[in-house]
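Student: Can we go through a structure together? I'd like to start with burial and then look at the rings.

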Amino acid sequence: MDSQSQDVGAVIERLQAQDIDVVRVAYSDMIGVDRGRDVLLSELSAALGHGLPFSRCIYHTTPMGDCIPIQGGMEDGLPDIHVVPDLTTLAPLPWEPGAMSCLGDTFLTDGTPAPESPRTVVNRVAEHLAQLNLQAIVGPELEYFLCEPDGPGFTRYADSPGNVYVVGRKGDPKGLLLRTLRYLREADLQVTAANHEFCAGQFEVNLNHSGLVDAADRAFRMKSAVQEIARHEGLLATFMAKPFNNEGGSGFHLHVSLAGPDGENVFGDPDGEYGLSDTGRHAIAGVLRHAPALAALANPTINSYKRFGPDTLAPWLIDWGLDNRSAMVRIPPDRGPGARMEVRLGDATANPYLIIAATAAAAYLGIRDKAELAAPLEGYGYDPQSAPMLPQALPAALDALEADTALTDVLGSYFVGSFLAYKRNEVERFQRFVTDWEFREYAYHL
């Protein structure tokens, strides 16, 4: 028996001793939806040996369940991919007795990693940073709304104003946030805190910082867990960027630093300008330089761009500032081991793997190319005369991503081609769809 078989056998014995009889193997599709299969523990060895087969068109499937024509899918006869469980990611599912979860890596039938797999993309970026003897350290923050069923639709949970940062039942009458926080802790997701956010029925969960791939894994699992826990309560948790006309949107902020070979923070430098190292300033400049393309992955839906605008505390311009929340990139006041940038561009619909990969890729390019950092924003932002404007609609962001060949090369041209085809199909479908606003605006008088 080889060592791998012995290791798998030891894992199975340990799970059996914990009364676990099912392992949920999950992976991310193109837009961050968790796909997967529940595997009986007795079949786990076989799943590790040959992988779990899925149709490759899972990466080409829309939220409405349609499969759209993208390279490697329908045109090739809907071939298989194989998902191999990664047992190093085994974690409890405290809301599902007798089950544990793990992530899976996806491979083509020739054994090579599936290039459109978001986990493949984030690993690829980590490898690029490693060539510079660097690793990105990322701490994700995610906001979401809780909604209650209301006839055929949904309404905001606990829909009362002014509850930002309140604790307890005042803004959360069912006490769901505290139960969610404890569940996430028990699921080994390294959560640090949770709070009621600015809008009615809106909450935020913060995750501890870790390496690039691990941070993406945990953010992906956290989004899935929050939604599943809400379903157990008969509620809907949505990470949609701006689900309501009369409230703000939900962000996906990333605290990003850089570590050298010894694991020490190399983002700050007490003797450097702004207390930042050359590496740190180049990384910030890279994120700013590639921001138009980055928007396509950080703000990946048509709805995303309704969150943008002046006086929204969501970015509108490509700028940075020292402890300034009106800037796209904020540098918190911490220095030394806590030196970092907070990239505030993303909204909560972003696929965690892709927003984290793209942000790190932009930082990598800034460091590689020694990009120069302009002066920081002074005072309150949102003055379009002071800085370039971010793309204001998804098509413009997609065009910017296609044009940014440097970022495309780091992320992988096959992935970017598939992503662009997927999202441009989304735009085409929306442009043909008659919305409620159009009927209300035009039907009576015209």
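Tutor: We will take one helix first, then aromatic pairs, then charges over rings. This is a predicted model, where local features need pLDDT of at least 70, side-chain atom pairs count only at pLDDT 80 or more, and totals for chains, interfaces and linings use all residues. Residues are numbered from 1 along each chain as its sequence is written, and side-chain values use heavy atoms, with hydrogens and water left out.

Student: Is helix α7 mostly covered or mostly open?

Tutor: Mostly covered: of the eight residues in α7 (291-298), seven are buried, meaning under 20% relative accessible area with a 1.4 Å probe, protein chains only. Among them are Leu294 and Leu297. Helices here are DSSP runs of H or I, at least four residues, numbered from the N terminus.

Student: What covers the buried residues of α7?

Tutor: The cover includes α6 (278-289), α8 (352-368) and α11 (413-432).

Student: Switching to rings. How many aromatic pairs are there?

Tutor: Twelve in the whole structure. Rings of Phe, Tyr and Trp (its six-membered ring) pair if their centres lie within 6.5 Å; planes under 30 degrees apart count as stacked, over 60 as edge-to-face and the rest as tilted. Phenylalanine 220 and tyrosine 353 have ring centres 5.4 Å apart and planes at 45°, so that pair is tilted.

Student: Where do phenylalanine 220 and tyrosine 353 lie?

Tutor: Phenylalanine 220 is in helix α5 and tyrosine 353 in helix α8, so the pair ties together parts 133 residues apart in sequence. Phenylalanine 220 is buried at 3% relative accessibility, and tyrosine 353 is buried at 1%.

Student: Which rings form a cluster?

Tutor: Ring pairs link Tyr144, Tyr157, Phe203 and Phe239.

Key. Buried < 20%, exposed > 50% of the residue type's maximum accessible area, 1.4 Å probe, protein only. Helix = DSSP H or I, 4+ residues; strand = E, 2+ residues; numbered from the N terminus. Contact = heavy atoms within 4.5 Å.
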